[in-house]
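Dear colleague,

Please find below the sequence and the structure that I am handing over to you. My findings follow after it, grouped by region.

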Amino acid sequence: MVGLELDLKEIKKSGKTAVTIAFSGIIVPFLGGIGVSILIKKTFNLGTALAPLIVFVGVPVSITAFPVLVRIMAERRVLGTKLGRMVVPAAAINDVCAWILLAIGVAIAGRSHNRATPAYVLICGIAFVMFMLIVVRRFMDWVAYKVNAQGAVSEIYVLITLVGVLLSAFITDLIGIHSLFGAFVFGLVIPPEGNFAKMLIEKIEDFITVLMLPLFFASSGLKTNLGSINSLKGMGILFLLVFTAAVGKIGISILVGLFFKLNIHEALGLGFLMNTKGLAELIVLNIGKDIGVFDDEIFAILVLMCLILMFFTTPGLMAFYKPARNPVPYTYRMLEGSYKRKDELRILACIYGTKSIPALLNLVEACRVTNNKRLIKLYPLHLAELSERTLSIINLSRTTNQDIASSKLASSDDAIVVAFDAYSRISKVSVKLMNVVSQLEVMHYDVCNAAAEKRATVIILPYNVYQKEDGTFEHVNNPGFKAVNQRVMQYAPCSVCVLVDRGPWSSTQLSNTTSLQKIAVIFFGGADDREALAFGCRLAEHPCMKVCVHRFSPSPGITIDIDNAADLEVEYKRDEEALAPVKSIAIDDNKDSWQAIYYEEHAYKDDAAQSVYAFASTNEFLLLLVGRQNTTLQSRDNSELGVIGDCLANAGPELKSSILVIQQHNSSFPRINIHRVASVSEDLPNST
């Protein structure tokens, strides 16, 4: 499974920066480990040969624990930074070097007195690796192709893979190299692209992480006799090992980082990250003890060294490095006003799963103007939860922001990549697919940072409830994503939309239809409603869109309690200014226009939300655009849809329209209360 975590193609493509960091971080502390190994052999009078002792002391001192490193970087939000992009490939190279050094150490630690035996073992080991990379890899490519074509893993392919793992382990054990090396190499030759490697991990991960891995750690703990360190010599060697590993690994990494133009804080962060210890070091130490390289005291000293260094990684990173987010400043953070400016529309679209893609692409297609005078840039952001599972770590280590044309995050079989790649080619819209693997509690930071870095005009979020054809509702995502949506709306650097797909909108292919599609803008007043109006004006430029603006106002029998009448008056003037161009170009059904916009006014009495629901249910609108909050109805704090949006999203199957709830950037509303009274003069002042 460790082999499956690494991607040989990615390692081959590593630049000189990653290679320099990796090899300098191995060579310098390994040289320091040689001196410590000589001192250990003389101090404790070990009967072990010096060469294997050097390898088994030098490897835990010099290597980096790749899976532990990636998780620490994810938790400290370092992965998307310049430092993160340097560290991940360097740590992957480091991990591969650790297994190669382990094979060499086991080979030279053989019990044969024939000096030619280590050379024979190494030659056989090299031949085994070449056979795996040339022959077995092609066979596993064929297996992966079959599995990806079927969409599911057949039991026969799982059986073939597990038998291959056991045979590889047996052969390396027969050669004289540890059996773990054979299993690692077999995992390395399984192609990481497509679904085969992921499905394989899902099948075996629980057995390994729930049963085998805890037993391994328990076994390591039982082997570690801390009472054996009962002299000042042992404590001195422990201090010397920690000092050698820390100074050698951290020091050289800092110097290399400064050489590659990192500032001092980034260089210190690089040093602490590359000094991360974890599972790989314990594996090496256990093998060294099993084959007799260490006695109990040396083994306990080395285990303590790994634990001490591991404990200092996160505090050191937090103390010396805090990733700075300095996005390019931008002005156009909302749709209101862009109608006149004809600005480029930048959309950051969050994706939790494949079901939200058709509705999202339809919305982008509706925004696309055929004369190409208003360009669109689409940034789909695939969001995945960071969990304790190995598959989550693998996805995380391969997550980078790059064009879908050169995407390394997923194979061509990945439905998300295929969908956006096809849309980009057909529509000529600029699409750049990005990925985020993060904990749900902090995922909104990644979304907001991505929006700021891409200077997005609007963020589109999918609603976590989907209406099926029979009218029932289905939760398509983790319920925790609802809280992510709420936090994004709270901290977003631009306007935010929540798309509630109720079926017909996603099933209508706007790119292939010539029939006129009806869209309604529900307008009460306020910043969010004006943003919805601006979005509707954008959609009205599409030749297949008929946009109807429906303004709802309280009937004369309604009184308004105003906390701040001046603010309401300002909002009212802004509403009229926003509606003025719409009223001027609004047309009748029998009239042709380049921009199909219709305008109507409605009055409601008691319940505004129910009035809108009754109106929408009796009209066949494909999409309803509503503001999250308005000057009439205040939204609950825990609702990302607002009063009107909640009412429409939770409606029964009689309402077929999808809903787009829009929140303007930095929108605010005066506090007002609306209620009906028993008797009221019909002759109200104009201000009221």
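I begin with Asp575, which is located in helix α23. Please bear in mind throughout that the model is a predicted one. Asp575 has a relative accessible area of 3% and is therefore classed as buried, since the cut-off for that class is under 20%. Leaving aside residues up to four places away in sequence, Asp575 is in contact with Phe523, Gly525, Gly526 and Arg530. Its C-alpha atom is 8.2 Å from that of Ala527, although 48 residues separate Asp575 and Ala527 in sequence.

One of these contacts deserves separate mention. Arg530 and Asp575 form a salt bridge through their side chains, with an N to O distance of 2.8 Å. This pair connects distant parts of the chain, as Arg530 belongs to helix α22 (residues 527-540) and Asp575 to helix α23 (residues 565-585), 45 residues apart. Arg530 is likewise buried, at 3% relative accessibility.

Helix α23 takes part in a further salt bridge, between the side chains of Glu576 and Arg551, at 2.7 Å from N to O. Here too distant parts of the chain are linked: Glu576 is in helix α23, whereas Arg551 is in strand β10 (residues 545-554), and the two are 25 residues apart. As to exposure, Glu576 is partly exposed with a relative accessible area of 25%, while Arg551 counts as buried at 8%. Through shared salt-bridge partners, Glu336, Arg530, Glu571, Arg574 and Asp575 are joined into one network.

In total, the structure contains eight salt bridges. Another of them pairs Arg425 with Asp421, where the closest N and O atoms are 3.1 Å apart. In this case both residues are in helix α18 (residues 415-427), and the spacing of four residues corresponds to about one turn of the helix. Arg425 is exposed, its relative accessible area being 56%. Asp421, at 21% relative accessibility, is classed as partly exposed because that class begins where the buried class, under 20%, ends.

I turn next to strand β9 (residues 517-523), which includes Lys518. Lys518 is partly exposed, with 28% relative accessibility. When residues up to four places away in sequence are not counted, Lys518 touches Lys546, Glu620, Phe621, Leu622 and Leu623. The C-alpha atoms of Lys518 and Val547 are 6.0 Å apart, whereas along the chain these residues are separated by 29 positions.

Two helix pairs were also examined. The first to be described here consists of helix α4 (residues 50-62) and helix α13 (residues 279-290), whose axes come within 9 Å and cross at roughly 165°. Because of this angle, α4 is roughly antiparallel to α13. The crossing of α4 past α13 is left-handed. On the α4 side, the contact involves Phe56, Val59 and Pro60, which meet Glu281, Val284, Leu285, Ile287 and Gly288 of α13. Sorted by class, the residues of this contact are six nonpolar, one polar and one charged.

The other pair is helix α6 (residues 82-108) with helix α7 (residues 116-150), which pack at an angle of about 145° with their axes 8 Å apart. The passage of α6 across α7 is a right-handed crossing. Ile104, Ala107 and Ile108 of α6 make this contact together with Pro118, Val121 and Leu122 of α7. By class, the contact of α6 with α7 comprises six nonpolar residues, no polar and no charged ones.

Finally, I would draw your attention to helix α16 (residues 357-367). How many of its 11 residues are buried? The count is 10, and the helix is accordingly described as mostly covered. The buried residues of α16 are Ile357, Ala359, Leu360, Leu361, Asn362, Leu363, Val364, Glu365, Ala366 and Cys367.

With kind regards

How values were computed. Residues numbered from 1 in each chain as written. Predicted model: local features only at pLDDT ≥ 70, side-chain atom pairs only at ≥ 80, totals over all residues. Heavy atoms only, no water. Axes fitted to C-alpha atoms, helices over the stretch in contact; angles between N-to-C directions. Parallel < 35°, antiparallel > 145°, perpendicular 65-115°, else oblique. Left-handed = near helix turned anticlockwise from the far one by under 90°. Contact = heavy atoms within 4.5 Å. Nonpolar A, V, L, I, M, F, W, Y, C, P; charged D, E, K, R; others polar. Salt bridge = Lys/Arg side-chain N within 4 Å of Asp/Glu carboxyl O. Buried < 20%, exposed > 50% of the residue type's maximum accessible area, 1.4 Å probe, protein only.
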